[in-house]
Amino acid sequence: MVMTIRPMSAGRGYEYLLKTVAAGDGDRDLGTPLTRYYTESGSPPGTWLGTGLASLDDGTGTGVDEGSTVTEEHLARLLGQGVHPVTGAKLGHAYPSLRPPRERIADRVAKLAPDMPAAQREVMIQDIRDEEAARKPKSAIAGFDLTFSPPKSLSTLWGVADAPMQELLAQAHHAAMRDTVAMLEERVASTRVGKGGIARMPITGVIATAFDHYDSRAADPQLHTHLVVSNKVQGEDGKWRSLDSRRLHKATVALSASYNAYLIDHTADLLGLTWEPVDRGKDRNTGWEITGIPAELIAEFSRRSTGSSGGVEGIEQAKNRLIRDYRDAHGHAPSPDTIARLRQQATLETRPEKELHSLAELTADWRERATRLLGTDATTWAQDVLTRTPDASRLRAEDLGAQQVEDLAAVVVMTVADRRSTWTRWNLHAEAMRQLMSTRFTTPAERTAVLDQIVAGAEAQSLRLTPEYDRAVPGHYVDGSGNRFQSSDQVAYSSQEILDAEHRLLKHADDTSAPRLPSRMVARHVSRKIQGVRLADDQAAAVTRIACSGRSLDLLVGPAGAGKTTALRGLHRAWTARHGQGSVIGLAPSAAAAEVLGESLGVQAENTAKFLYEHERGRWDFQPGQLILLDEASLAGTLTLDRIAEHAGQAGAKLVLVGDPAQLSSVETGGAFGMLVRHRPGPPTLTDARRFVHEWEKTASLDLRRGKTAVLEDYENHGRLVDGSIERMLDAAYTAWQQDRDEGLATLMIAGNAEMVAELNTRAREDLIADGRVERDGIGLHDGTTAGVGDLVVTRRNDRQLSLGRSWVKNGDRWSVARRLENGALAVRRLGPGDQPAGAELVLPAEYVAEDVELGYATTVHRAQGASVDTVHALVDPETASRELFYVAMTRGKQNNTAYIIQPDPHEIEPHLETAEPLTRIEQLHRVLARSDADLSATETLKHEVDRHASLATLVHEYDVLAREAQVERSAAYLDVAPFPEAVADDVFTSPHYEQLEAAITRHEATGHSPTRVLTALAPRLQPTSDEADPAAHLASMIDTATAQMTHGRTSTPGRVGGLIARPAEPLDEDMRTALRQREALIDAAAGAALDEAVDHKVGWATQLGAPGPSTREREWWRAHAVTIALYRQRYDIQSAAPLGSDKDVESPQQADERRTAQVAYSRLRTQHSSSSLPRPERTSARRTSERGL
C-alpha cells in the first residue's frame, strides 16, 4: 500500500483521466458507492476535493462544490490552461513557456565579453547556437498526481466480495485518503514568496480532483484513486501562486505511511479486519497485508508479469512458448539475439489495451478465477475472512503513558539514526507511523494524536543542527508550523552520538603522533618493483605521504581503477620492513571485500563487524606500531569508523581509510569518509585510472567521476550507451552478458535495485533452461526465484560454520549448483575464473538456502562496488539512478562498460504523466549526473545550517519579503486614486503582475519622487489589452523607465540599508518595524564583514576603491560608500573584478535601480581625492529636481 506522487504536465494530459469514465448521469461524491456504476463500462466520474475550492467562489456562484462532478471543460481550464475551471479567469501567472531560440541566442551572445578574441567568440557563439537548438520546451507543471493504492490483499478481497463488502472496503480506502489529504492541507500545502522561496505563505487549501479506477491494465482487481492536486493555490494575501512542490515531495513518504496507517484504522472500524506484517526483503520496509488472504490468490491477480493459471499468458510464459515453437521448427535452441527478439514479441503479445469493462463484468471474472483457485465460492470465502478475524483491542491516545511514548520515540530515533546521519521531522513522522502500524486505534484522530506525541519526543531526543530562529518576525508570521522563515519541517536533526563520533574522527585525522617511517626507507621501497610492477609517480607520492605523515587516521583516495591495491602493496612492504611481519592487517565493510584485500596483500583481513564483535569480547586488539588498512571506507558507517579509529589511537596504531567519496556511501549512518576527505586539504590521492584497456576510457572515467556531462559524448561515440524500453534493455543487457560469458570473459550484469536484479536473474535462468544448461525444477528462494542444478547462485549471509578448509561461506560469494537434495539443501561449488565451478562441493542447508541464497547472474550496484571484471552490462533507470551509482556501474569492467538506459514505455506510462518531448539517452543521463546520493555528515550539515541562517543572502531575502509586505497598503492607497481608464482598473488590481507594479512604485518613491504624480501621468495611457500585454506589468515597466531617467529627488523615505536597499516608508506596525530594524543592523554588519575580508585579502575589486583618508570622518565616509558596493556585490553575486560587474548582467528593474545607487557610491570613491577638501556628508534628502517629461 502506498501513496505515490508524479508531476502532471499542462496541456492535454488531463484527457487520460476522462478516457475511462463511465457515462453516468448526475453528481457523484466519494461517499457515493462505486456499485452505483456496477453495470456501466468504465470508472466513475471524477469529483472535486479540497478546502481550496472555496477560493474559486467570488460570491457570484462561480465556485464548485466539494463532491460535485468534474467535467472535461473543468479539467481543460484548470489543468490544461491554468485558469478558473468555471469562468476561465486568470489564476495568477500563466504557465511559463520557453522563448524562441532566436531570442535566447541573441540574449546570450549580447552578454559575451566585448574584448573576447574573434576566434574564441565564434566558437562561443556556435556553442550557444548548438545548445539552444538542442533545448526542448518543457511543459509547465499543472498539478501533482497523488495515486493512492491500497495493498494487493485489499484489492483482491474487494474484487471478489459481494456489493455491501465492496462498498465498505472502498469507503475505508476513501476515508484513509481523505484523512491523508486533510493532513496534507494542514501540515504540508503552502506556497513560497521572496527570492528563492525564502518565506512560506499559508494558503486557503488545495484544489483537487479524485478519479477512482477499478483495475490494472491486465484487468486484475486494483482499486486505486488518482488524486490530482492543482499547482494553482491562493495565498492568504489573495494572490494566486504555485504550490510549494519541494515541501510536498519531502513529505511524500510520511504521507504515504500515514495513508497506510489510516487504512488499517478504517478497515478495522468498518469491517473488523486485521493486518499482518510481510517481509519484503532486505533493505526494504516491512509491508502489511490483510490477515487471511492467501499469497496464491494475490499472485493470481498479478497477471501482467507472471501470467495466470486461467490461460492468460504473462510475458515470461509467452516468451517460453515462442522459444519452444522455435526449437520445434528449427531443431535447435535460438541464439541470444533471437531470444531477445522473441521476448520483444512476447511483450507485444501480452500487452493488453486499457479496455473498458463494467464493474459487473470485472467482478464476475474475478470471482470465477478466485473460486477456481480456492476451491470454494469466492464471495462466501470473502465473508468468511471477516468471521475469521479475531477481535483486537483499540486504543485511544490517553491509553499510552508518557513512558511508553518516550520509549517509542527512542525506537524511532534509533531506527532513523541507523540509516542516516541527519534527518527532519518528515523522517521521524514516517518512522513513527511505521512503528504504530501494529497498534489499532479507535479513530485516525487518536492515531494522529499519538503520532504527534512520538514525533515531539523524537525531536526532543534528537540533536538540533538548525539554529533556533532568533530574529523578530511579525506576529502573524508565527503558527503551529514554526514561523514563515523557518518551518518546523525545515529543521535538521542528528544525534549527539553521531556528532561526537564525527568530531573524534576529525581529531584523529589531525593527530600526528602515530607511528611513521623514515622518508629514506620509504623512498627505497617505493622505487623497487613490487610483483614485477613499479609504482607510478602518483602511487609512490601517496605511499610516501601516508607512511611519513604520523597521522593517527590517514586517507588514501583513489578513483575506480586507479591502482589502489598496487599502492597498498608498496605501503605494506615498507611498513613490514620496519615493524615486521604481521604489522599490517586489513579490514573492510564486507567479508568478501576483506578476503580480496587479504589475498591481494598477503595479510590477515577481516570484516569490520566481526573485528568489533571480537574486540568487544576482549579477543582481538590492535598492537602498537600496527598499520590497519580499511578498504572500501565509503561503505563503512560513521559509528563503525569511530570505534575502530578510537581503538587504533589508544593502541598506538595507524589507521588508513582507503576509498573514493565519489562512489556509493554506506547504507548505515554515512558521510564520514567524505567528510574526512573534504576536511583535509589535498589528501593523498591517486590521479590516474589504470584499470581500463582503452586510453579514452581512462580519461572519461575520471570526468564521469566529477559529473561532467560532456564526457557522455565519448561513451556515445564508442557505442557504450544503449536505450529503449525496460523489456528491450533487459534483453539487450542479458544477451550481451551471455555472449561475453560464452567467450570466457568475467562479466557482470548490474541493476540499480533488487527487483530489477531478480528480473534479470529470472530472465537468465529461463533462457538457460531453454538452452538445456539449467534444470527447470529447483528450490524456491526468498525473492520468488528458483535455483536448480546448473544455476549460478550467490550467498547473502556470512556463516563461518559452513567452510571448506580455510575458506567459509561469505555474503557475496558466488557458486554453481551441483546437486539438489531432497530436504531442500543445495550442494554447490565455488566459482573460479570465467565463472567456472572449481574445488570441492559444499552443502548449503535448506534453511540457509530458503533465506540467504539468490540467483547470481546479476547484482546490484552496491554489491558490485569493489569488483573488477572484464565487461559490465549495467541497467540504468534515469528516474532513480544517481551520479555515484552510475559511476560505480560504469567503472567495474576493464575492457567494456555498457549502460542500458531505460526509456519510458508509452504503453505503460499514463499519458497525463508524460513529458512533452521524449528525452534522448544522453539527456536522460544528464539527469542522472545531476542527482547525487552522497551523504553529508552531521558536522558539515551543522556548519551549513548555521552559515545559511546567518548569511547575508538570507538576511537580505528576509528583509525584502518584510519590506514588500510593509508597503502593501501604501502602494494600494496610491493605486486607489490613480486615474485608470474604467475598462482597465479591475485588470490592474487582479493582475498576476500586481506585485511587480507595487515594487516599481516603491522604487520610484525611494528615489525621491511622488508615486501620485507618476501614476497621474502614466495611468491614463493604459488601454484594454489582450492577454499578451498585462496592464500592471506594462505600467510597472513605464514607471521603472521614468525612474531611471530622473535624478534623485527629495524623499520622505528613511534612506537605504547599507546605502543600497530602500527602507519602507512609515508608518509601520511596531512588530514589523522591529523585524526590519533588526535585520538592517545584521545586514550592515555582514556587508561590513564582507568588505573587511576583501580589503584584508587585497581582492581586486576592493583595491579599486582607493584608500580612506587619515581622519576618522574620512574613514567613516569611505567605509559607508565601500559597504554599499560590497553589499551590491553580495546581493547579486558579482564575481568579476570590476566593482559593480558589467551592466549587461543586470537582470531586473530592482537590480538596475540598486546598481545606479551603487554606481553613485563608486563614483564618489573614485573622485574623493580630486578635491583638496572632503566632500560634504551626503544628506538623506538630496536637492529637489524637476519631474517634467513624465
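In what order do the five strands of the open sheet with antiparallel pairing stand? In the predicted model, the order of this sheet is S31-S30-S29-S26-S32. Its edge strands are S31, residues 837-844, and S32, residues 853-855, and each of these pairs on one side only. From one strand to the next, the twist averages 40°. Within the sheet, strand S26 (residues 792-795) and strand S29 (residues 814-820) run antiparallel and are joined by three bridges. One residue pair in this register is Leu 792 with Ser 816, the latter being the bridge partner in S29.

The chain as a whole has 1190 residues, of which 53% are buried. Its secondary structure comprises 43 helices and 37 strands. Of the contacts between residues at least 6 apart in sequence, 72% join residues at least 24 apart. The accessible surface of the chain amounts to about 51200 Å², and carbon and sulfur atoms account for 50% of that area.

A further open sheet is built from five strands with parallel pairing, in the order S22-S35-S34-S23-S33. Strand S22 (721-724) and strand S33 (858-860) occupy the edges; each has a single partner strand, so one side of each is left without a neighbour in the sheet. The twist in this sheet averages 25° from one strand to the next. Strands S34 (residues 869-876) and S35 (residues 893-902) run parallel and are connected by seven bridges. Among the paired residues, Val 876 has Ile 901 of S35 as its bridge partner. Helix H28, which spans residues 754-770, packs on the sheet and touches strand S23 (747-751) as well as S33, S34 and S35. The direction of H28 makes about 175° with that of S33. Since angles over 145 degrees count as roughly antiparallel, H28 is therefore roughly antiparallel to S33.

Strand pairing was also examined around strand S7. Nine of the ten residues of S7 (residues 221-230) are buried, so this strand is largely enclosed by the rest of the structure. Strand S3 (residues 141-149) runs antiparallel to S7 and is joined to it by six bridges. In this pairing, Gly 143 stands opposite Ser 230 of S7. Strand S6 (residues 208-215) likewise pairs with S7 in the antiparallel sense, over seven bridges. Here Ala 210 has Leu 227 as its bridge partner in S7. S6 and S7 form a hairpin with five residues between the strands, and in this hairpin Ala 219 takes a positive phi near 65°.

Helix packing is illustrated by H40 (residues 1070-1096) and H42 (residues 1112-1131), whose axes come within 8 Å and cross at roughly 95°. This crossing makes H40 roughly perpendicular to H42. On the H40 side, the contact is made by Ile 1083, Ala 1087, Gly 1088, Ala 1090, Leu 1091, Asp 1092 and Val 1095. H42 contributes Trp 1118, Arg 1119, Ala 1122, Val 1123, Ala 1126, Leu 1127 and Gln 1130. By residue class, the contact of H40 with H42 divides into ten nonpolar, two polar and two charged residues.

Two loop residues were considered individually. Arg 484 is located in the loop between strand S14 (482-483) and strand S15 (486-487). Its relative accessibility is 3%, so Arg 484 counts as buried, the cut-off being under 20%. Apart from residues up to four places away in sequence, Arg 484 touches Arg 192, Ile 198, Ala 199, Arg 200, Met 201, Pro 202, Glu 236, His 476 and Tyr 477.

Ala 978 lies in the loop between helix H35 (968-976) and helix H36 (982-989). With a relative accessibility of 12%, Ala 978 also counts as buried. Beyond its neighbours within four places in sequence, Ala 978 is in contact with Leu 1015 and Ala 1019. The C-alpha atom of Ala 978 is separated by 9.5 Å from that of Pro 1011, a residue 33 residues apart from Ala 978 along the chain.

Note on methods
Residues are numbered from 1 along each chain as its sequence is written. This is a predicted model: local features need pLDDT of at least 70, side-chain atom pairs count only at pLDDT 80 or more; totals for chains, interfaces and linings use all residues. Side-chain values use heavy atoms; hydrogens and water are left out. Helices (H or I, at least four residues) and strands (E, at least two) are DSSP runs, numbered from the N terminus. Buried means under 20% relative accessible area, exposed over 50%, partly exposed in between (1.4 Å probe, protein chains only). Contact means heavy atoms within 4.5 Å. Accessible areas come from the Shrake-Rupley method with a 1.4 Å probe; for residues, only the protein chains shown count as cover. Two strands pair if DSSP finds at least two bridges between them. Axes are lines fitted to C-alpha atoms, for helices over the stretch in contact, and angles run from 0 to 180 degrees between N-to-C directions. Angles under 35 degrees count as roughly parallel, over 145 as roughly antiparallel, 65 to 115 as roughly perpendicular and the rest as oblique. Ala, Val, Leu, Ile, Met, Phe, Trp, Tyr, Cys and Pro count as nonpolar, Asp, Glu, Lys and Arg as charged, and the others, Gly among them, as polar.
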